[in-house]
Amino acid sequence: MTALTLTPGAATLADLARVYREEAAVRLDPACHDGIAQAAARIDAAAKGDTAVYGVNTGFGKLASVKIAAADTATLQRNLILSHCCGVGDPISRRHARLMMALKLLSLGRGASGVRLELITLIEEMLARGVTPVIPVQGSVGASGDLAPLAHMAAVMMGYAEAEYEGETLPGAEALSRAGLAPVELGAKEGLALINGTQFSTAFGLAGLFDAWSAMQAALVTSAMSTDAIMGSTAPLQPEIHALRGHAGQIEAAAAMRALLDSSEIRESHREGDTRVQDPYCIRCQPQVTGAATDMLRMAGRTLEIEANAATDNPLVLSEAGLIVSGGNFHAEPVGFAADMIALAVAEIGAIAQRRVALIVDPTLSFDLPPFLTPDPGLNSGLMIAEVTTAALMSENKHLANPCVTDSTPTSANQEDHVSMAAHGAVRLGRMVANLERILGVELMCAGQGIEFRAPLKTSAPLAAALGRLREAVPSVVEDRYLAPDLERAAALVKSGALNEATGVDMPELSA
């Protein structure tokens, strides 16, 4: 695979989505090399000088006042990395780890970290040849950098720890050797540059964003199907309503739903004489809720795009000013806020979807659909408990959506006395999106079943295509059967994007 060339400071969400979804290899634009080399030379000079420079010739954190001799530079960096390899828990996925590595490249490529080009090249080659550090998921509080996870990455670069290569988990040195690579001995500040930074949190934030966006697009399809299944009104989708409010996400959501429902025979059949004046909010307010979530995801995306291009270690080399300055760019507060925003959006998309599921299976609200969408209720329970499952998932996401960024705790002998908890906030997004995908999968099954009960009336062509795609994976529920695999297959359709593709309708884009 041809490597994706990224320009530090200018990488886009689309670029980063390719790294995450396609596991694309990454190389930095060579135009950044001169700046990297200049910063490295300044660090080398500082390491040989008498002036104390944090992390270059001093200890770390609370030990910053301890001066380190020039002869001990390599030992200092080695000890730093190995002592910080304190991650615990399950290893993160290869896709998350590779995205984290690509983000570290972008940060180092800004020419403010003081590392040698040798380190840049090694990370590029590890991505190109498939050497992926084994990184435990727990251990970061999202300040002073994602220290523990990034230390596990750096340790492999030094020949320690473990890495995955060609399907095997191997000692770091062996994984590098099999790939034709050699470990690096870290120079002054290089260990600190590798582990200070927000790349673990940002990688999980971006992954959550990309997957949440895909689920949001699927929610537009399932919500349109639910609208037709209960013979809901499309009047609330009138474009003038949404233009009068002005929110971009709401306008786009309504437009997509209009296109999805266009020319539905089911809709046309009840334009006249329908005794219902208004539909419940879960039908009538779909553009307002999903649209607001869309806007929030975009705001979070902008924050994460900026962070992906940021120099986030400490101290930073300000080459033009001729300074090496300690600061706090490693504090992941922006990422923590972005993760909390994504969590709220995911929870709300699922909450309103769950109410649509509850509406469809309830014969008092579904406009004459059979109870729990079974043709023989009583003997069969139909989709009764599938709806209960969505309630459980919705409730779990509500709990998980509580903010993480407000849960600071002091660490490192009170030197690091306010932390972001961005890692917690970002990691939970994977579980939340998986819950949302399952909620939408159940909605897809219920809405599809409801539309079939409206025969001989037909739904719109886009929704008929989505229903056909569902039926390739999940048959109609005519009699009670073992449903768990069907729920997973429906959720997989949501996750894959196949549902959206089947409709042929243009969906809102993240970078719009």
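**View 1. Length of helix 2 in the predicted model.** Helix 2 covers residues 33-48. At 1.5 Å a residue, its 16 residues should span 22 Å, and the end C-alpha atoms are 23 Å apart, so the expected span and the model agree.

**View 2. The buried and exposed sides of helix 2.** Ile36, Ala39, Ala40, Ile43, Ala46 and Ala47 are the buried residues of this helix. Seen down the helix axis, they fall within an arc of 120° and therefore line one face. Asp34, Gln38 and Lys48 are exposed and sit on the face turned away from the buried side.

**View 3. Elements covering the buried residues of helix 2.** The cover includes two helices, helix 4 (94-108) and helix 5 (117-129). It also includes strand 8 (316-318) and strand 9 (323-325).

**View 4. Domain 1 against domain 2.** Domain 1 runs over residues 4-196, while domain 2 is assembled from 205-270, 279-315, 327-407 and 418-503. Their C-alpha centres lie 38 Å apart. In contact across the boundary are 32 residues of domain 1 and 27 residues of domain 2. About 2,300 Å² is buried between the two domains, with carbon and sulfur atoms giving 58% of that area. On the domain 1 side, Leu13, Val141 and Asn196 lose the most area to domain 2, together 22% of what that side buries.

**View 5. Salt bridges.** The rule finds two salt bridges across the interface of domain 1 and domain 2. The side chains of Lys189 and Asp313 meet in a salt bridge, at 2.4 Å from N to O.

Terms used. Residues numbered from 1 in each chain as written. Predicted model: local features only at pLDDT ≥ 70, side-chain atom pairs only at ≥ 80, totals over all residues. Heavy atoms only, no water. Helix = DSSP H or I, 4+ residues; strand = E, 2+ residues; numbered from the N terminus. Expected span 1.5 Å × (residues − 1). Buried < 20%, exposed > 50% of the residue type's maximum accessible area, 1.4 Å probe, protein only. Arc of directions from axis to C-beta. Contact = heavy atoms within 4.5 Å. Domains from an automatic or database assignment. Buried area = accessible area lost by both parts, 1.4 Å probe. Salt bridge = Lys/Arg side-chain N within 4 Å of Asp/Glu carboxyl O.
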